Amino acid sequence: MKYVVALDQGTTSSRAVVFDEQARIAAVHGIEFPQLYPQPGWVEHRPEDILGSQMDALRLAVRKAGIRAEDIAAIGITNQRETTLVWERATGRPLANAIVWQCRRTAPLVERLKADGLGALLRDRTGLVPDAYFSGTKLEWLLDSIPDARERAERGELCFGTVDSFLAWNLCEGHPHVTDATNAARTMLFDIHHQRWDPELLRAMDIPEPLLPEVVDTSHIVGMLRRDILGREIPVAALAGDQHAALYGQGCLSPGDCKNTYGTGCFVLMNTGEAPVRSVNDLITTVAWRLDGAPRYALEGSVFVGGAAVQWLRDEMGLIRSAAESEAVATSVPDSGGVFIVPAFTGLGAPHWDMYSRGTIVGLTRGAGRAQIVRAALESIAYQSADVIRAMAADSGAQPAALRVDGGASANDFLMQFQSDILGARVLRPRVIETTAMGAAMFAGRAVGLWTDEQIAALPQPDRSFEPGMEAGQRARLLRQWQRAVERSKGWARED
Ligand code: ADP
C-alpha cells in the first residue's frame, strides 16, 4: 500500500493527514500555534512556529498511521493564503514575523494604490479588489520597515514567499524558491491571464523582482523532502492555497461546479473553466489550479459571519450550550415565525458590500422565542451563501446543479436541507470532510503518477445528498423577505 501525506498549514493550526491509495484517511495530527497581536488590527505568526508545528505534525501523523517513510509516495502542501514572509537566501533566517492575511496594517498603502488610480489595473491583471488582505502591500510594508531590505532584495539576497513557498524552501533538499499559481494569484502582483509577475504592479508597490519565487504548477514535484525529517527523501509534489485545494478535493472539476466551506465564515468557490470570468458583483476572480501549464479559473466570494453566528448564539446570547445543539432547537419549530437575522456584525460582503451594515433582527412578534431566533440564525448562513452563489451564477452564466459542502457547520443537517431548499439545488456532503487535505493529496498523487485524472475524478465520494423540497412560490417569498431584512441592516453604522 502506498500513502500520500497532506500538510495543511492553517491560520491557527498545522495539520498532517495521511491518505491511503483509496484516499481513505489513515491518520491525522494537528498542532495549534500562537497568534500574535502586537497592535490592534495587526496579526502575526512566528515563522519558526509555522515550520516547527508543521514538521512535528508530519512526524506524528506518520507515526500514528504506523507506516514507513518508503511507503509515502508523495507529500502535498496546502496553506493559509496571503500570509507573507521574507527570509535570507543564504541562511534561511526570517527577517520578520509572518504578516497574517487578517492583518490590517497596510490599509493606508492600499488607499494610496487606489488614490493613484490603480484599482482598475489591479482588477484587470490580478482578478482581485485592492485590499490589505492580499500579500502585495504586506511585502511592501516589510521592505519599507526592515533596514536595507529593498537594497538587499535588489541584490538577490532575500526571498519573499507565502506559506507554501516558505515551507517548500525549508522542507526540501536544495531549498527551491517556488510558489504555485493559486498562491501567486493572491499576492496582487501576479497577472492571472499571462501567468507572470506583473512589472507595472511590482513598480507600483516598489517590489524588486529578484525577491520573487518561481511560479510553478499546482501539481508538480517542487523538490525532495529533506532526508533528516523522516529519514528518507520523498517528493514534495503539490502546493495549493487552502480554498483551491478544497475545490479540487470536492471534485469540482468542471465549469459550474461549486463548493461552500461552512467555517467561522463561509468560502464559496465556483470553477469557471478555461476562461477567467470578470465579476460585475465584486466577487474575486482567481486561479482554481494550474495543471500541466494550463490554468483553470474560479470565482470566489465569502460570507464574513457563517458558523460565527452559531458561536454568537452560544457565547453571547447563551441560547444554546453547543454548536451542535442548534439543530435540535431549530427543528423544534416548523419555521422561524417570520423572524430574520442578518448577522452583519462586521458589515456585509459580496454581493451587498456595505461595511456600515450591522447585525439586525426583524419580524419579531409576541410568539418569537429562543427556537425562532436560533432557527433564523442558522437560516441566515444559508441565505447569505445563496446570495453569493446567485451572484456567481449571474456572473458566469452557469447555474450550479449541485453545491458541495464541507467545514464544521456542514455537519448540521437542518442547515444543509435549508440551504438546498433556498437554493433550489442539490447539496452534497462528502464522505471525507477533510476536503482541503484531500485536494492537496490528490494534486500530489497526480504529480507522482499514483493516480490518473480518471481515478482522481472518482476519489471524492458523496456521503449524503440533500434534495430541494421547498415549493418555488415559498422560496421566492422567503428570499424577498430576506432581501428586505438585508436592506434594513444596511448603513446602520454610518454616522449621521
Ligand atoms: P474554522 O476552520 O473557521 O475554524 P470549522 O470548519 O472548524 O471553522 O467550523 C467551526 C464553525 O462551525 C464554528 O463557527 C461553529 O460554530 C460551527 N459549527 C460547528 N458545528 C456546528 C453544528 N453542528 N451546527 C452549526 N454550526 C456548527
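Which residue has a polar backbone atom 3.4 Å from an oxygen atom of the ligand? Ala-409 does, and the close-ups below start from there. Keep in mind that this is a predicted model.

**Figure 1. Polar partners of the ligand.** Here we zoom in on the atoms facing the ligand. Ala-409 takes part through its backbone, with a polar atom 3.4 Å from a ligand oxygen. Gln-311 uses its side chain instead: an N or O atom there is 3.4 Å from an oxygen atom of the ligand. For Asn-412, look at a nitrogen atom of the ligand, which lies 3.0 Å from an N or O atom of the Asn-412 side chain. As for how covered the ligand is, on its own it would expose 580 Å², and the protein buries 65% of that.

**Figure 2. The shell around the ligand.** Pull back a little and you'll find 13 residues surrounding the ligand. Gly-263, Thr-264, Gly-307, Gly-408 and Asn-412 are the closest of them. Helix H11, spanning residues 308-315, supplies the largest share of this shell with 3 residues. Sorted by class, the shell holds 8 polar and 5 nonpolar residues, and no charged ones. As for the site itself, the ligand sits in the second largest pocket.

**Figure 3. The largest cavity.** Now for the enclosed spaces. Rolling a probe the size of a water molecule over the atoms shows where empty space is left. Searching the whole structure turns up 2 cavities of 30 Å³ or more. The largest has a volume of about 80 Å³. Its lining is made of 13 residues, and those nearest the cavity centre are Val-303, Phe-304, Leu-348, Gly-349 and Gln-384. Strand E18 (294-303) and helix H13 (370-396) are the elements that each give two or more residues to this lining. H13 has the largest share, at 3 residues. The class count for the lining is 7 nonpolar, 5 polar and 1 charged.

**Figure 4. The second largest cavity.** This one holds about 50 Å³ of space. Which residues line the second largest cavity? You'll see Gln-250, Arg-404, Leu-428, Arg-429, Pro-430, Pro-460, Gln-461 and Pro-462. Strand E22, residues 426-430, gives the most to this lining, with 3 residues. By class, the lining of the second largest cavity splits into 4 nonpolar, 2 polar and 2 charged residues.

Terms used
Residues are numbered from 1 along each chain as its sequence is written. This is a predicted model: local features need pLDDT of at least 70, side-chain atom pairs count only at pLDDT 80 or more; totals for chains, interfaces and linings use all residues. Side-chain values use heavy atoms; hydrogens and water are left out. A residue is near a molecule or strand if one of its heavy atoms lies within 4 Å of it. A polar contact is a pair of N or O atoms within 3.5 Å; within protein, one must be able to donate a hydrogen and the other to accept it, and residues adjacent in sequence count only if both atoms are side-chain atoms. Accessible areas come from the Shrake-Rupley method with a 1.4 Å probe; for residues, only the protein chains shown count as cover. On a 1 Å grid over the protein atoms alone, a cavity is a set of points where a 1.4 Å probe fits but cannot get out, and a pocket is an open set with protein on both sides within 12 Å along at least five of seven lines; lining residues have an atom within 4 Å of a point. A molecule sits in a cavity or pocket if more than half of its atoms lie within 2 Å of its grid points. Helices (H or I, at least four residues) and strands (E, at least two) are DSSP runs, numbered from the N terminus. Ala, Val, Leu, Ile, Met, Phe, Trp, Tyr, Cys and Pro count as nonpolar, Asp, Glu, Lys and Arg as charged, and the others, Gly among them, as polar. Grid points are joined across faces, edges and corners, and a volume is the space filled by probe spheres set on the points.
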